[in-house]
Amino acid sequence: MRVLILTSGTPFIRGGAEILAESLRDAVCAAGHQAEIVTLPFQSCPPSRIPEQMLACRLLDVTETCSIRIDRVIGLKFPAYLVRHPHKVIWLLHQHRTAYELWDHPAAGDLIHYPDGPVVRDAIRRADRVCMPEARSIYTLSRNVSNRLRQNCGIAAEPLYNPPANAPLFYNDAAGDYFFFPSRINPMKRQWLVLQALALCREPVQVRFAGEADSETHQAECAKAVRDLRLSDRVEWLGVISEEQKRDGYARSLGVIFPPVDEDYGYVTLEAMLSSKPVITCRDSGGPLEFVAHDQTGLVADAAPQSLAEALDSLWADRGRAARMGECGRERFQSLKISWENVVDKLLC
Amino acid sequence: MLKINWFSPLPPAHSGIAYYAAQVLPVLASRHQVVAWTDQDQVSPDLSQVVPVAHYQPANPPWRTLNEADVCIYHLGNHGGIHGGIWQVSRQHAGIVVLHDLCLHDFFAMVFLRTLENPDAYLAALERWYGADGRHAGEAFRTGGIGAEAMAQCYPLTREAVWGALGVIVHSSRALTDLHEEPVCPVAGLDFPYTATAQSRYRGWIAVRNAAPGPPYRLVVFGYLSRNRRLRTLLEALAGLTGREQFRLDICGQLWDESQIRVEIENLGLGALVNLCGFLPESLVEQELSTAHLAINLRYPSMGEASLSQMQFWDYGLPTLVTRTGWYASLPEDATAFVRPEHEVEDIQAHLRAFAADPGAFRAMGERGRQALRNHEPGKYVDALAQFASDALAGSPRIPALHLAGRIGNDLSPWLHPAASGYLLDRASQEIFTMCEEAARDGDAE
């Protein structure tokens with residue numbers, strides 16, 4: 001079977017979606033098929049250009065290329081999944097979220113700041129509603145994404161979990177004196193909330209943040225918060241780290257703190273579970289809640305500094321409990337039987 | 001319940017639309033969540049008590065706040081100073097446009113040529129809607145070769161005002177017909193709203209009028225008295241009327257050519273019959289209208305839309321002479337007396353003679369006008385307005401569809417021979433239809 005994986009992205013920017021597309025391609029090929037990724041450049045600013053890019057996707061003909069038939073198209077991201085194909089399957093990473101639940105989000109909302117924002121928002125919503133059901137089947141990255149899709153468009157879709165890249169390489173080591181928070185640094189991931197929580201901790205809790213900031217401004221704001229809250233001896237910014245360093249960061253941590261706003265899926269959670277570490281997350285964190293069972297594989301706190309501080313203190317003070325939760329998390333991951341083979345079977349059936 | 005951003009002149013602005021807003025907003029705000037936006041320096045405290053008032057700068061509107069509402073309702077009329085800021089927002093942010101005038105050339109001439117000092121934009125607008133003829137006429141207008149009145153009639157630029165709107169509301173059947181000829185968005189015609197004064201007070205006015213039944217019969221002209229109010233024709237008709245001494249004419253309002261009108265009155269020997277009252281404060285309006293016997297409310301050419309002063313005349317139970325044109329032509333035949341544009345003097349004189357012969361028939365006409373106000377009740381208007389806005393929001397997303405079609409046309413037409421363009425353009429238009437129209441129909445079905 002010749003499989004085209006259609007996604008969209010920003011040239012020279014590489015993130016989780018790109019890694020997922022590559023992993024999917026490798027898994028499809030490992031299953032004995034041919035697969036290629038087509039990444040369509042997408043820019044959301046100015047919003048007036050978005051409908052044009054949607055139309056451009058609709059006008060692409062990927063039924064065949066130079067007389068070579070494309071047997072299956074897998075659409076991952078907006079607007080690439082709008083492409084027409086008689087055997088299109090959507091594996092939805094997420095919709096264009098600022099046209100939906102993040103429309104008026106104080107930090108993430110972007111369309112709302114433009115005069116033509118409502119018109120573009122409505123165009124996106126209408127196109128999703130009419131074009132997505134053209135697919136022969138629709139899967140999503142997580143239950144959270146499925147729920148959103150049902151709420152946004154009334155479309156039912158089965159969640160299809162995939163393992164993190166290099167899942168077998170994650171390991172556990174002796175717990176050190178820090179919580180690990182590997183993620184892009186931006187307001188939606190809420191590193192700032194963790195800093196505020198640290199300031200309220202009764203225990204001398206420490207956190208190591210890894211990852212790149214989306215903006216220098218936000219990085220500067222975080223640095224200022226560290227100074228203002230007198231946390232410089234309890235916070236470490238590791239910046240961009242290698243995959244090996246990341247796995248080591250997980251392995252030697254006491255636990256993982258991951259309190260994003262309504263995350264689609266959250267590989268961090270799965271990587272922590274693979275590393276036998278408990279995860280502290282928040283009630284509004286979205287994807288991680290599908291894996292973190294409160295008091296079993298981690299702790300679910302309110303999205304407030306005090307609640308998060310209590311969760312951090314609690315595991316810091318009881319390392320045995322933290323270790324038991326971590327083990328429980330690893331067992332939970334194994335029980336879910338999350339595998340690329342399963343993903344490929346579903347997408348190509 | 002809708003969240004509505006309302007853009008209009010607000011009291012105390014000297015504008016009939018501000019008065020209209022004062023009538024409509026309390027009712028609208030009682031049924032929906034409304035914010036009245038203004039770039040005026042002052043807003044009547046009375047209005048601020050019934051609806052939240054927010055200020056904006058036309059050059060830098062607070063888009064985020066505006067986008068938190070469901071819909072913006074923009075009121076556009078022919079006064080560049082009052083409506084210029086509203087239009088600047090409406091051209092960028094799609095909403096419902098309520099047209100209070102149809103001939104908007106004066107408005108755009110003022111906005112483009114004076115406020116924005118952008119003659120290229122003025123000429124581009126004329127070319128957009130009227131082709132090369134429009135551009136040439138605009139160039140001639142700028143050098144004095146064509147007058148404002150001729151431009152307003154030949155190149156009203158109505159479509160420029162509603163370009164990109166989600167929907168358009170007008171108050172006359174003529175406007176509805178004109179805009180339906182080439183629909184760019186949904187258009188609705190609603191009866192101009194007006195709250196009739198309580199019946200008990202109305203009876204008091206009738207008593208005052210009956211106490212001085214005439215002759216002399218008091219005629220009244222009222223409002224902002226621009227060229228198209230036909231004052232000279234009226235004076236000419238009055239001067240030539242046998243038995244003219246039975247009438248007195250009060251001209252109330254700001255005259256665009258007061259000195260010339262004074263000369264005209266003098267030359268026609270009407271000094272004893274005609275009184276120039278100037279702009280009347282609110283306190284004197286009641287006295288003037290409750291003692292008048294016949295209102296003269298002529299317009300020609302009609303610049304467009306519904307007349308607040310007509311509503312006020314009916315509120316006082318006043319019979320009215322109107323020109324059979326524009327919105328006025330759609331008024332009830334039994335509640336108004338019509339003047340044909342091409343027979344003005346003849347018809348005015350005939351009506352005045354008829355009045356003198358049978359004032360009771362005209363009193364009955366005024367009564368029927370008063371009854372006609374039932375159709376203009378603001379509650380009905382507000383409900384229809386909100387329903388129209390809801391329907392327009394749920395309807396077909398024509399704006400992105402038109403932009404996409406325009407973009408494709410602009411990009412491809414230089415490349416493709418017309419005969420060769422079918423396949424590509426057909427596919428493009430089909431996909432635009434799928435993304436926009438089919439989705440809208442699915443939404444309607446839901």
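**Two chains, taken piece by piece**

Me: How many Å separate the centres of domain 1 of chain A and domain 2 of chain A?
Reply: Bear in mind that we're looking at a predicted model. Chain A is split into domain 1, covering 2–160, and domain 2, covering 167–336. Taking the centre of each of these domains over C-alpha atoms, the distance between the two comes out at 29 Å.

Me: OK, and which element gives the largest share of the side of domain 1 of chain A that touches domain 2 of chain A?
Reply: Start with the contact itself: 11 residues of domain 1 of chain A meet nine residues of domain 2 of chain A. On the domain 1 side, two elements of chain A give two or more residues, namely β6 (88–94) and α4 (143–153). The largest share is three residues, and the element behind it is α4(A).

Me: How do the residues on that side of domain 1 of chain A divide into nonpolar, polar and charged?
Reply: We're still on the side of domain 1 of chain A that touches domain 2 of chain A, with its 11 residues. Sorted by type, they come to five nonpolar, four polar and two charged.

Me: Which strands of chain A stand at the edges of the open sheet, and why is one side of each left without a neighbour?
Reply: The sheet in chain A has six strands, paired in parallel, in the order β2-β1-β5-β6-β7-β8. A strand at either end of that order has a single partner strand, so one side of it has no neighbour in the sheet; those edge strands of chain A are β2 (34–41) and β8 (158–159).

Me: What is the bridge partner of Leu92(A) in β7(A)?
Reply: β6(A) and β7(A), the latter spanning residues 137–140, run parallel and are joined by four bridges. Within that pairing, Leu92(A) is matched in β7(A) with Thr140(A).

Me: Now a helix: how many degrees of arc do the buried residues of α2(A) cover?
Reply: Helix α2 of chain A takes in residues 50–59, and its buried residues include Ile50(A), Pro51(A), Met54(A), Leu55(A), Cys57(A) and Arg58(A). Their positions around the axis put them on the same side of α2(A), because the arc they cover is only 155 degrees.

Me: What is the radius of gyration of chain A?
Reply: Chain A holds 11 helices and 14 strands. For its 349 residues the globule rule gives 20 Å, and the chain's own value is close to that, so chain A is as compact as a globular protein of that length, with a radius of gyration of 21 Å.

Me: What share of the contacts in chain A with a separation of 6 or more comes from residues 24 or more positions apart?
Reply: For context, buried residues make up 48% of chain A. Looking at contacts with a separation of 6 or more, the share that links residues 24 or more positions apart is 67%.

Me: Over to chain B: which residue of β9(B) is the bridge partner of Val220(B)?
Reply: β8(B), residues 217–222, is mostly covered, with five of its six residues buried. Six bridges pair β8(B) in the parallel sense with β9(B), residues 247–252. In β9(B), Val220(B) has as its partner Asp250(B).

Me: And which element supplies the largest share of the side of chain B that touches chain A?
Reply: Here 25 residues of chain B contact 21 residues of chain A. Among the elements of chain B, α3 (63–67), α18 (398–412) and α19 (422–445) each supply at least two residues on the chain B side. The largest share, 12 residues, comes from α19(B).

Definitions and conventions:
Residues are numbered from 1 along each chain as its sequence is written. Chains are lettered from A and ligands numbered from 1 in the order in which they are written. This is a predicted model: local features need pLDDT of at least 70, side-chain atom pairs count only at pLDDT 80 or more; totals for chains, interfaces and linings use all residues. Two residues are in contact if their C-beta atoms, placed from the backbone, lie within 7 Å. Domain bounds come from an automatic or database domain assignment. Ala, Val, Leu, Ile, Met, Phe, Trp, Tyr, Cys and Pro count as nonpolar, Asp, Glu, Lys and Arg as charged, and the others, Gly among them, as polar. Two strands pair if DSSP finds at least two bridges between them. A residue is buried if 20 or more other C-beta atoms lie within 10 Å of its own, exposed if 12 or fewer, and partly exposed in between; C-beta atoms are placed from the backbone. The arc is that of the directions from the helix axis to the C-beta atoms. The radius of gyration is taken over C-alpha atoms; the globule rule is 2.2 Å times the number of residues to the power 0.38.
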